[in-house]
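Colleague: I should like to learn how to read a protein model, one feature at a time. Would you guide me through this one?

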Amino acid sequence: MIERLGILAADFAMLSLLSVGGAVSVLPEMHRSLVDVHGWMSSREFSDLFALAQAAPGPNVLVVSLFGWQAAGMAGAVVTTLAMILPSSLLTYYADRLLWRRAGAAGWREIIDNGLAPITVGLVLASGVLLAGANISNIPAMACTAAAALIAWRTRVHPLWLIAAGALAGIAGIV
Amino acid sequence: MSPEGARNVPRSPGELFYAFMKLGLQGFGGVLPVARHTLVDSYRWLSMDEFTDIVSRCQALPGPNIVNVSICIGARHFGARGALAACGGILAVPFVMVLMLGVLYSGYAQLPAVAAALRGVSAVAAGLIIATALRMAGSKRLRSWRAAFGIAAFAAVSVLRLPLALVLAVAVPLSIAAAWFGRKAAP
């Protein structure tokens, strides 16, 4: 168990520093580690836990707490959450104090933002496709994903309504 | 947008903690809009311009954006203590709630009705993430040939299944260099 917690800590600390654009960008990498490499959960469980995190309030990053929970219980949840939050937070704290407040930093930030923006979009899309892929053989579920994407993209409907509709569609046996 | 004179400051790390706790609990699928409303309009700790500036500082760094924003705003007022208070405020209660969901999941995921509901919610959750990507793709930062870096990153992760560290090690320097040259060409 200690070994497992160590792997979780190392993996998520690295992902913390790779998570350009936020935790959702690194979902495929979490999937690779938790499901493909270590087999600590199934693809189905991975998608379920992500769905649960979406249905809860708070920052999206807390999905890592659920992954930690599933992999190694309460200690796992604490380890993945701290590992995911601490490195990037320390970097932000010091970058903000030492670099970003300097005169001329704004120009560099603009360049870095412009450079990262397309990559972030690509990674977030990859995460969406990964999650949708869990239902690849279930045509009604794929239709449900497409409809939710279209509505959330094109309208200002609150995401909780869509999540509730998804739950109802599931219970009704549609997906 | 509040005029300069009408601005407030947080009185203590405790007040920071409380404010960030409140806004964290209101955010579903994206806390940033709630943060703007709470910090700029309600508490008036920042002007809209300052808020936008802090968000852009944080976007250039890895990590969950809203957590980074809480670190910067907290640090501005009470240094490391403030950063800890704001970051703790936004995470503590949602962390406990998410764990309670985890406990319920472990206990009830086998029930057919729960499994069915989760199947529906996970289908929707995938759609919400795709919608986030589509919205971000509309940004003016992507109206350039450099959007190709996004397509390449997507293909590398999604189709080729390359390790993320490798993809970023190649794509990030190239994309930032391209952004730098793009800037030089259009002063």
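Modeller: The following turns take up chain A, the domains of chain B, one helix, two loop residues and the enclosed spaces. Please keep in mind that this is a predicted model.

Colleague: Let us begin with chain A. Which secondary structure elements does chain A contain?

Modeller: One lists the helices and strands in order from the N terminus. Chain A has seven helices and zero strands, and the order of its elements is α-α-α-α-α-α-α. Along the principal axes, the C-alpha atoms of chain A occupy a box of roughly 60 × 45 × 25 Å.

Colleague: How many of the residues of chain A count as buried?

Modeller: A residue is called buried when its relative accessible area is under 20%. Chain A has 175 residues, and 57% of them meet this description. One may also ask how far apart in the sequence the contacting residues are. Among contacts in chain A with a separation of 6 or more, 58% join residues 24 or more positions apart.

Colleague: How is chain B divided into domains?

Modeller: Domain 1 of chain B covers residues 4-137, and domain 2 covers residues 140-187. The C-alpha centres of these two domains of chain B are 27 Å apart.

Colleague: How does one check the length of a helix, and what span should helix α3 of chain B have?

Modeller: The expected span is 1.5 Å times one less than the number of residues. Helix α3 of chain B (residues 48-59) has twelve residues, so a span of 16 Å is expected; the C-alpha atoms at its ends are 16 Å apart, which agrees.

Colleague: Which residues of α3(B) are buried, and what covers them?

Modeller: The buried residues of α3(B) are B:Phe51, B:Ile54, B:Val55, B:Ser56, B:Arg57 and B:Cys58. Their cover draws on both chains: it includes α4 (63-100) and α5 (105-133) of chain A, as well as α2 (32-42) and α4 (65-108) of chain B.

Colleague: Which backbone angle deserves attention at B:Arg44?

Modeller: The angle is phi. B:Arg44 is not a glycine, yet its phi is positive, at about 55°. This residue lies in the loop between α2 and α3 of chain B. B:Arg161, also a residue other than glycine, has a positive phi near 55°, and it belongs to the loop between α6 (147-159) and α7 (164-185) of chain B.

Colleague: Why does B:Arg44 count as partly exposed, and why is B:Arg161 called exposed?

Modeller: The class follows from relative accessible area: exposed means over 50%, and partly exposed lies between that value and the buried limit of 20%. B:Arg44 is partly exposed because its relative accessibility is 32%. B:Arg161 is exposed because its relative accessible area is 52%.

Colleague: Where is the second largest pocket lined, and by which residues nearest its centre?

Modeller: For a pocket, one considers its volume, then its lining. The second largest pocket holds about 360 Å³ of space. It has 17 lining residues, and those nearest its centre are A:Ile85, A:Leu86, A:Ser89, B:Leu84 and B:Cys87. Helix α4 of chain A and helix α4 of chain B each give at least two lining residues, with α4(B) giving the most, nine. By class, 14 lining residues are nonpolar, three are polar and none is charged.

Colleague: Finally, which residues line the largest cavity?

Modeller: The largest cavity contains about 30 Å³ of space. Its lining consists of A:Ser25, A:Val26, A:Pro28, A:Glu29, A:Leu123, B:Val157 and B:Leu164. Five of these are nonpolar, one is polar and one is charged.

Conventions: Residues are numbered from 1 along each chain as its sequence is written. Chains are lettered from A and ligands numbered from 1 in the order in which they are written. This is a predicted model: local features need pLDDT of at least 70, side-chain atom pairs count only at pLDDT 80 or more; totals for chains, interfaces and linings use all residues. Side-chain values use heavy atoms; hydrogens and water are left out. Domain bounds come from an automatic or database domain assignment. On a 1 Å grid over the protein atoms alone, a cavity is a set of points where a 1.4 Å probe fits but cannot get out, and a pocket is an open set with protein on both sides within 12 Å along at least five of seven lines; lining residues have an atom within 4 Å of a point. Grid points are joined across faces, edges and corners, and a volume is the space filled by probe spheres set on the points. Ala, Val, Leu, Ile, Met, Phe, Trp, Tyr, Cys and Pro count as nonpolar, Asp, Glu, Lys and Arg as charged, and the others, Gly among them, as polar. Helices (H or I, at least four residues) and strands (E, at least two) are DSSP runs, numbered from the N terminus. Buried means under 20% relative accessible area, exposed over 50%, partly exposed in between (1.4 Å probe, protein chains only). Contact means heavy atoms within 4.5 Å.
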